[in-house]
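Here's a quick tour of a protein with a ligand in place. We'll start with the packing and finish at the ligand.

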Amino acid sequence: MSAHIIDGREFSAKVKDTVAKQVAVLKDKYQVTPGLAVVLVGEDPASQVYVRNKNHSTVEAGMKSEEIKLPDTATEEEVLAVVNRLNEDDSIHGILVQLPLPDQIDETAVIDAISPEKDVDGFHVINTGRQAVGLPAMVPCTPRGCIMMLQDYLGDLSGLNAVVVGRSNIVGKPMASLLLEQSCTVTIAHSRTKDLPDVCRRADILVAAVGRPEMIKGDWVKPGATVIDVGINRIPKEDGKTRLVGDVEFETAKEVAGAITPVPGGVGPMTIACLLANTITAACRIHDVDEDGLLL
Ligand code: NDP
């Protein structure tokens, strides 16, 4: 039987709708307009598309959007100066510096310079640490979106075996941490993992965040498992154009899984929706507004 397809576009539209309502309440009741600033350094085409989409979604939700573009020759000091200015700007509640940065700029130094309370990407070490010990934190957008989709489809995740393939700081590790927070039994797999197919076959929840096109095959998937494919890989087509595929071989996996996210149209749209949701969280915390009470 073919798997249920978890529609990230449909779900992200609902999240964005909720965000827009929260923005309206923040404006009307608290005179706060949430603001998101996105800093783009250089001309990377994929980054330009992401930044354009983020800007569009922010404006659509009724928030203030500021886009700061710097040339790919920008120095670390110039980027830090922009970040410091945004840290001081009361109309900005979320700051996102689009990665990757050009080689001359130390990414860690830039992330560390972002005020933790405005760190809507959730990459600052303060947020990583707070999340790891169960304190309120800004949670990275992609893992937050994955958890929302899992909870929406499965309900309670407690006791399920979760395997996360990939251990990056921006996806794999925070994903594993969030699954642990939901009382899953979590395994983190990576490039040194022995017998990866067998490890994957134990997963009730299988999250692929590897960056290798269609690496995870259908016969690596436990029958009925829920598969979240974070991978975004562009591969050439015969006509010279390219197409997007995930880290999971969708056609074979969907015949075995209970549910699966497609690429495109799965995790990707949720990442932007969660960026907006994180900006609401940041605005509420900065202005001491109860986020849970916004739509009551
Ligand atoms: P990284 O390259 O930082 O990490 C990849 C991870 O995969 C590493 O931990 C690596 O292991 C592991 N890995 C690589 N090869 C293998 C292998 N053969 N077997 C097992 N594990 C392997 O990638 P990211 O985490 O940044 O991104 C992963 C994917 O998710 C990419 O396709 C990226 O484009 C996509 N992505 C999608 C987003 C979205 O919004 N949908 C957002 C962010 C990323 P090791 O540590 O041992 O090297």
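What follows covers the nonpolar cores and then the ligand surroundings.

## The main core

Keep in mind that this is a predicted model. Its largest nonpolar core has 49 residues, and Val 19 and Leu 179 are the members that touch the most others. Two or more residues each come from α1 (8-30), β2 (35-41), α6 (141-154), β5 (161-165), α7 (172-181), β7 (205-208) and α10 (267-286). The top contributor is α10, which puts in 10 residues.

So where does this core sit? It lies between domain 1 (30-126) and domain 2 (141-269), because both of them give residues to it.

## Around Val 19, and a second core

If you skip residues up to four places away in sequence, Val 19 touches Ala 61, Met 63, Leu 276, Ala 277 and Ile 280.

Apart from the largest core there's another one, made of 19 residues, including Val 199, Ala 208, Ala 225 and Ala 253.

## The ligand

Now for the ligand: 21 residues surround it, and those that come nearest are Arg 167, Ser 168, Ser 191, Arg 212 and Thr 271. Helix α10 turns up again here, giving the most to the shell with 3 residues.

Three side chains are worth a look. Ser 168 has a side-chain N or O atom 2.6 Å from a ligand oxygen. For Arg 167, a polar side-chain atom is 2.8 Å from an oxygen atom of the ligand. Thr 271 has a side-chain N or O atom 2.9 Å from a ligand oxygen. On its own the ligand has 930 Å² of accessible area, and the protein covers 70% of that.

Definitions and conventions: Residues numbered from 1 in each chain as written. Predicted model: local features only at pLDDT ≥ 70, side-chain atom pairs only at ≥ 80, totals over all residues. Heavy atoms only, no water. Core = buried A, V, L, I, M, F, W, Y, C linked by side-chain atoms within 4.5 Å. Buried < 20%, exposed > 50% of the residue type's maximum accessible area, 1.4 Å probe, protein only. Helix = DSSP H or I, 4+ residues; strand = E, 2+ residues; numbered from the N terminus. Domains from an automatic or database assignment. Contact = heavy atoms within 4.5 Å. Near = heavy atom within 4 Å. Polar contact = N/O pair within 3.5 Å; in protein donor to acceptor, adjacent residues only side chain to side chain. Areas by Shrake-Rupley, 256 points an atom, 1.4 Å probe, with all protein chains shown as cover.
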